[in-house]
Amino acid sequence: MGLIARAIEAAGIPTVTVGVLPDYLEMVGPPRAVWCKHPTGATFGEPGNAGKQQAILKDALGALETMSERGTILPLGYEWRRS
Amino acid sequence: MSERTDKTRAAVREKWDPEFEWVVNEFIPWAHPRKPLARSRVGLVSTAGVYLKNQFHQPFDGANPYGDPSFREFPNIVDIQDLRTGHTHYNLTYAEQDLNVVFPIDRMREMARMGVIGELAPLVYSFMGYVTRPVRLLADYIPNLVERLRRMDVDAVLLNAV
């Protein structure tokens, strides 16, 4: 995924990547990344929780306008709500 | 690199590709936004392994130990009921209940309706994400994707790293 984000960015198009594993994000180095404490396979949170999915997307998209340093990896603070 | 990325490398080498190595990137590119988000055409790219059901798309080659570097393209009006994911390298439990948790197509359309973004790009994309030999990904599929995004004149792209 880092490879895809970097190639798009290198073509002049800003990107933001949403993930769940900050160490992986750090390794692959997308230009802008945000992450949540969610399990792999549920990046945007609990199935059916449209409100949270929207909130994460708003935060992620907002990072396109607010992040100013390449390689920034921002924790969004959302936690998994199910066992 | 972390203990977890080391463990993943060891597991991939044992089960799938004995020569697997992470691609480590040094330089990080940077592009400045050209427009306010609320007037931007935004693309969507996921690595969730999503494809169209009912033989409209060939499924991803999940059994290939080296992964599948190809991508699938969808109109942004696609009905989530017509999609499925065939990824073989992450837990599909949540995606099978609500594909928006890995491919937030309904939510991105809502972002456009709510005015958070100007519009969703006419075509959206999914890769499978698991690729242990990235030569074709880098030489063929990624340049192809970038050209499509440029032709659609997208102003920004949101990606999901599964």
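Reading along the sequence of chain B, we meet the pattern α-β-β-β-β-α-α-β-β-α-β, and in total the secondary structure of this chain comes to four helices and seven strands, where helices (H or I, at least four residues) and strands (E, at least two) are DSSP runs numbered from the N terminus. Please keep in mind that this is a predicted model, in which local features need pLDDT of at least 70 and side-chain atom pairs count only at pLDDT 80 or more, while totals for chains, interfaces and linings use all residues. Residues are numbered from 1 along each chain as its sequence is written, chains are lettered from A and ligands numbered from 1 in the order in which they are written, and side-chain values use heavy atoms, with hydrogens and water left out.

For chain B the average pLDDT, the predictor's confidence in each residue from 0 to 100, is 91, and 100% of the residues score at least 70. The model as a whole scores ipTM 0.96 and pTM 0.92.

Let me turn to overall dimensions. The C-alpha trace of chain B spans about 45 × 40 × 30 Å along its principal axes. Its radius of gyration, taken over C-alpha atoms, is 17 Å, which agrees with the value near 15 Å for a compact globule of 162 residues, the globule rule being 2.2 Å times the number of residues to the power 0.38.

Chain A has three helices and three strands, arranged along the sequence as α-β-α-β-α-β. With a radius of gyration of 13 Å, close to the 12 Å that the rule gives for 83 residues, chain A is as compact as a globular protein of that length.

Now, how do helices of the two chains meet? Helix H1 of chain A (residues 2–10) and helix H4 of chain B (residues 135–151) have axes that come within 10 Å and cross at roughly 50°; axes are lines fitted to C-alpha atoms, for helices over the stretch in contact, and angles run from 0 to 180 degrees between N-to-C directions. The contact, meaning heavy atoms within 4.5 Å, involves A:Leu3, A:Ile4, A:Ala7 and A:Ile8 on one side, and B:Leu137, B:Leu138, B:Ile142, B:Leu145, B:Val146 and B:Leu149 on the other.

In the second pair, helix H3 of chain A (residues 50–66) packs against helix H3 of chain B (residues 105–113) at an angle of about 65°, with their axes 10 Å apart. Here the contact is made by A:Ala50, A:Gln53, A:Gln54, A:Leu57, A:Lys58 and A:Leu61 together with B:Arg107, B:Met108, B:Glu110 and B:Met111.
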